[in-house]
Amino acid sequence: MTFHIGTRPGPKGQTIIDRDAAIMSGSLTPRYPFAIERGEGARVWDVDGNEYVDFAAGIAVTATGHSHPQVVEAIIEQAKKFIHIAGTDYYYDVQVKVAEKLAEIAPFEEPARVFLTNSGTEAVEGAIKVSRWYTDRKHIIAFYGAFHGRTMGALSLTASKVIQRDGFFPLIPGVHHVPYNNPYRCMHSRREEDCRAHCTCADYITDVVFKRIVPADSVAAIILEPLQGEGGYVVPDPRFIQQIRDICDQYGILMVVDEVQSGIGRTGKWWAIEHFGVEPDVVCSAKGLASGMPLGAVIARQGVMSWPPGAHGSTFGGNPVSCAAALATLELVEKGYMQNAIVQGEYIKDALEEMRGHHPTLKHARIDGLGLMVGAELVLDEARTPAKELRNRVEKLAIQNGLLILGAGESTVRFCPALMIDRDTVQEGLERFDKTLTEAEREAGLL
Ligand SMILES: Cc1ncc(COP(=O)(O)O)c(C=O)c1O
């Protein structure tokens, strides 16, 4: 395939980018010069006709690929019947069906109850509220590196980048951040092998937080991503997750897992927490749930979600068209895409391991992931100096090479394509990534 270097964006794309810059809120994250015309599966085309492999999937959202015919059909059929009625006030079957399915796949034995939202951040807000309501406690423990969203409650839990919080204080009181298990970059500055042998992050909660900051019996919830997403695609040690569960059990604290990015089959199981053999009390979902239509969910043990009528609601939450898209998505994910995520994810990890040999920034990198949630933390040397600028450059250069790929954390490149991606497209995307990384390393004088 030939690429026209420098023609991305083309004139049509550039016009959209310029108009966007003049009118849209400047708060959006610095974006990449790609203006979409259409998408199909794991490929997209820009308005100037250039084709791209999509390893970003709209930030790990388009689970079934772009405009999957079955999802499109479900959306059209539902839109023809009715688009909105307010699930807070009236009933409709498609909403109940989604809730029933989510309850069926909930990662705990106890029957579940479901609250439907419009987004991930709103699911996290719901989880905060139900946790405080159920426990009648005020404090919440969250983790450094976590991303839970941008609305005030969720933002208070987020500890990913200062820019996301700066200027918005005071955030909600009662949130306490603690280190997350990451042996490659232990926050307690312990050596990787020591951290792997015995992680002290859970001890920090019991020995520091509960002794010096807040009594354990005033903590409503510990919220965590079972696999940290925006923080850099960090897969924790299963023992750490078990320790968090044990602390929750010991002190009557709810374990809330934020599966907004890692859920709905992305890691090869419905929920990433299932890889760790631990049952949470509350689950937050969104992103892949409706293949890109706005829908989120709080799924809780029924005993926990026992708040009274009027305690919580949402005008648009559980929108019928989004619910129809979700039903089609859940069926497709269950019937094969979830299994595909494991196969393609392993292939990507193996390919990245092989690339270590010819890429200096991969040589000592952390290559990690579950299913199609794979990250490569690019580093400059054996001391693991984050290759931050180079990673940022990779995201931009990739556009010129026909690849959409996003960063996470300080210097991680994430591979989170649609769960339906086939081997040929994976292979093509990896070749474009390889080429892009070579160019970035050359520019940086590393090759
Ligand atoms: C783990 C996690 N939680 C919550 C959110 C917020 O979701 P949304 O952007 O839909 O509000 C995100 C978004 O990236 C996320 O990755």
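Start by selecting helix 11, residues 320-355, together with helix 14, in what is a predicted model. Their axes come within 11 Å and cross at roughly 25 degrees. Angles under 35 degrees count as roughly parallel, and helix 11 and helix 14 are therefore roughly parallel to each other. Look along the pair for the handedness: the crossing of helix 11 and helix 14 is right-handed.

Now show the side chains at this contact. From helix 11, pick Q344, Y347, I348, A351 and M355; from helix 14, add R423, V426, L430 and D434. Colour them by character and you will find 6 nonpolar, 1 polar and 2 charged residues in the contact of helix 11 with helix 14.

Next, keep helix 14 (residues 423-443) on screen and bring in helix 13, residues 388-400. Here the axes come within 9 Å, with a crossing angle of roughly 130 degrees. That value falls outside the ranges for roughly parallel, roughly antiparallel and roughly perpendicular, so the pair counts as oblique. Which hand does this crossing have? Helix 13 passes helix 14 in a right-handed crossing.

To see what makes the contact, select L390, R393, V394, L397 and A398 on helix 13. Their counterparts on helix 14 are R432, F433, T436, L437, E439, A440 and E443. Apply the colouring again: the contact of helix 13 with helix 14 has 7 nonpolar residues, 1 polar and 4 charged.

For a last view, leave helix 14 in the centre of the screen and switch between its two partners on this tour: helix 11, roughly parallel to helix 14, and helix 13, oblique to helix 14.

Key:
Residues are numbered from 1 along each chain as its sequence is written. This is a predicted model: local features need pLDDT of at least 70, side-chain atom pairs count only at pLDDT 80 or more; totals for chains, interfaces and linings use all residues. Axes are lines fitted to C-alpha atoms, for helices over the stretch in contact, and angles run from 0 to 180 degrees between N-to-C directions. Helices (H or I, at least four residues) and strands (E, at least two) are DSSP runs, numbered from the N terminus. Angles under 35 degrees count as roughly parallel, over 145 as roughly antiparallel, 65 to 115 as roughly perpendicular and the rest as oblique. A crossing is left-handed if the near helix is turned anticlockwise from the far one by less than a right angle, and right-handed if clockwise. Two residues are in contact if their C-beta atoms, placed from the backbone, lie within 7 Å. Ala, Val, Leu, Ile, Met, Phe, Trp, Tyr, Cys and Pro count as nonpolar, Asp, Glu, Lys and Arg as charged, and the others, Gly among them, as polar.
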